[in-house]
Amino acid sequence: MSIRENSTHYIGGAWCEGHSEHQLNLFNPATGDRIASFSVSSSVDVDNAVRSASAAFKTWSGINPHKRAERLCELADAIEARISTIASAMTREQGKPLPEAGGEVAKLVKTLRYYAGEAVRICGQIIPNEDDGFQSQVEYEPIGVAAAITPWNYPAELIGWKLGAALAAGCTLVIKPSEYAPLTAIEILRAIDQVDLPKGVVNLVQGAGEVGSELVRHPAIDKIAFTGSHATGLQIYEAMGRIKSVSLELGGTCPLVVAASADLDAAVAGAVRRSFRNMGQICIAINRTYVHRSLYDEFLERVAAATQELRIGNGLMDTSVDLGPMTNADGLAKVEAHVKDALDSGARLICGAKAPDSMGGLFYEPTVLADCNPDMLVMHEETFGPVLGVCAFDDLDAVIEHINDSPYGLAAYAYANDLQEVYRLSRGLSFGSVGINCVDAGIINAPYGGRRQSGVGYEHGRAGLDGYLLLKHVRVKHGIRC
Ligand code: ADP
């Protein structure tokens, strides 16, 4: 994709360039080729974007919700018409195979349609009063200007969750995508530019943490919607400097339990899918797996076979591959460090743990490590890469207790067919999402959020919309006695 001059930022309904002296240099992780280079946002650019969003808030929040829903549907259509363009930008900068990138954009479209429907279901309440002659009504109002700070692993979907909910609620938005995935965001904004939205409703700034941090501290930002690492989430929490609404969707070290009654074929398929899809670069990826001792050897044997069948390659050139490269060198270094730590501490290598032969780029073979213990990084820290640590367990209740004893609580998965085991797992696992006999726990109309250090607030569903709304209690003394 070529970047047209002056087309990296979108502020007040117009394309422009960034004015910082810092350049963003972007590389294709499959080839190492430089694919873009442009100036990121200066403080003035950030301020202009926030001011545009503030000015647009009056108009957008006052528009009839049915009209807002129509605009969201139009936006969904405009993005749908550009799926292949957005997807190829994503594959070039992020590395995931092209069909997977296309699937992600299709999910963004679905999200916008879902929130178009929710826009006209924002209903208040009438509350009974103890005293006659009064009526209490509860109304919802949009929060104001939201900052969407997003990561590179799902660069379209994670903008979409915030965009859909914010616009449905009547909020305006400044988006700052990851410095590793600016092109996907630019393509999404090109679709937004085609829709008849008031100028300034959606704005795009560019850059790394410094630009994100400017947005976070800007006094006219009323809500921060962030998805990214725990470390950055904590920095944001501490740096806000004033009271604002915030949703943080952070990492986890997500567990999988394969109970004694599990369907082993299903468990193996789930483990391989949720550990390695998108090269494990997903906050709900399975990091650590606990297999009942009676199934342990067979599980490892079958997981090894299924993992070795995965095809790795440049997903822009060969759309049939299962896995692309890691997105950046820091991520790859972390993966190598976790694997080394486990092997040095006595883990048994089942497969992987090296770069595929003669591929260049940031490729790494999906890796399975057996006989892991809780002290190994892979069993208690988010690897954010294609590594699956496995260990055996004997007692289900004890393993659930052990799994919950983690600072993180985003998602957990379990395979079991015995009703009592299912119940103990679904009740016992203290995580924001729990997938039983499935590893796709996120659906657009159910809440998604982390517990403990995995975040605060929710995205998806009605709860995701509520994060952009304020409650107002209006108590009217009308004097009519019933
Ligand atoms: P990831 O590696 O998962 O993308 P990060 O947390 O590093 O995780 O980045 C997520 C998003 O947060 C990116 O858009 C990044 O530029 C932005 N970011 C990084 N540091 C800060 C910060 N201190 N304040 C605000 N945003 C930040």
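**Exercise 1.** In this predicted model, find which residue of E10 is the bridge partner of Ala 146.

*Solution.* Start with the strands: E7 covers residues 145-149, and E7 pairs with E10 in the parallel sense over 4 bridges. Now go to Ala 146 and look across to E10: the partner there is Lys 223.

**Exercise 2.** Stay with Lys 223 and work out which residue in E11 it stands opposite.

*Solution.* E11 takes in residues 245-249, and 5 bridges join E11 to E10, with the two strands running parallel. Reading across from Lys 223, you land on Ser 245. For the connection, follow the chain from E10 through helix H8 (residues 230-239) to E11: together they make a β-α-β unit, and that unit is right-handed.

**Exercise 3.** Decide how many residues of E10 are buried, and sort them by face.

*Solution.* Count along residues 223-227 first: 5 of the 5 are buried. Then split the strand by side. Lys 223, Ala 225 and Thr 227 sit on one face, with Ile 224 and Phe 226 on the other. Both faces come out covered.

**Exercise 4.** Over to His 9: is this residue buried or exposed, and which side chain does its own side chain meet in a polar contact?

*Solution.* Place His 9 first: it belongs to strand E1, residues 9-11. Its relative accessibility is 0%, and the cut-off for buried is under 20%, so His 9 counts as buried. Next, check the side chain: a polar contact of 2.7 Å links His 9 to the side chain of Ser 41. Finally, list some neighbours beyond four places in sequence: His 9 touches, among others, Trp 15, Cys 16, Val 40, Leu 204 and Gln 206.

Technical notes. Residues numbered from 1 in each chain as written. Predicted model: local features only at pLDDT ≥ 70, side-chain atom pairs only at ≥ 80, totals over all residues. Heavy atoms only, no water. Buried < 20%, exposed > 50% of the residue type's maximum accessible area, 1.4 Å probe, protein only. Polar contact = N/O pair within 3.5 Å; in protein donor to acceptor, adjacent residues only side chain to side chain. Contact = heavy atoms within 4.5 Å. Pairing = 2+ DSSP bridges. Right-handed = clockwise from strand over helix to strand, strands pointing away.
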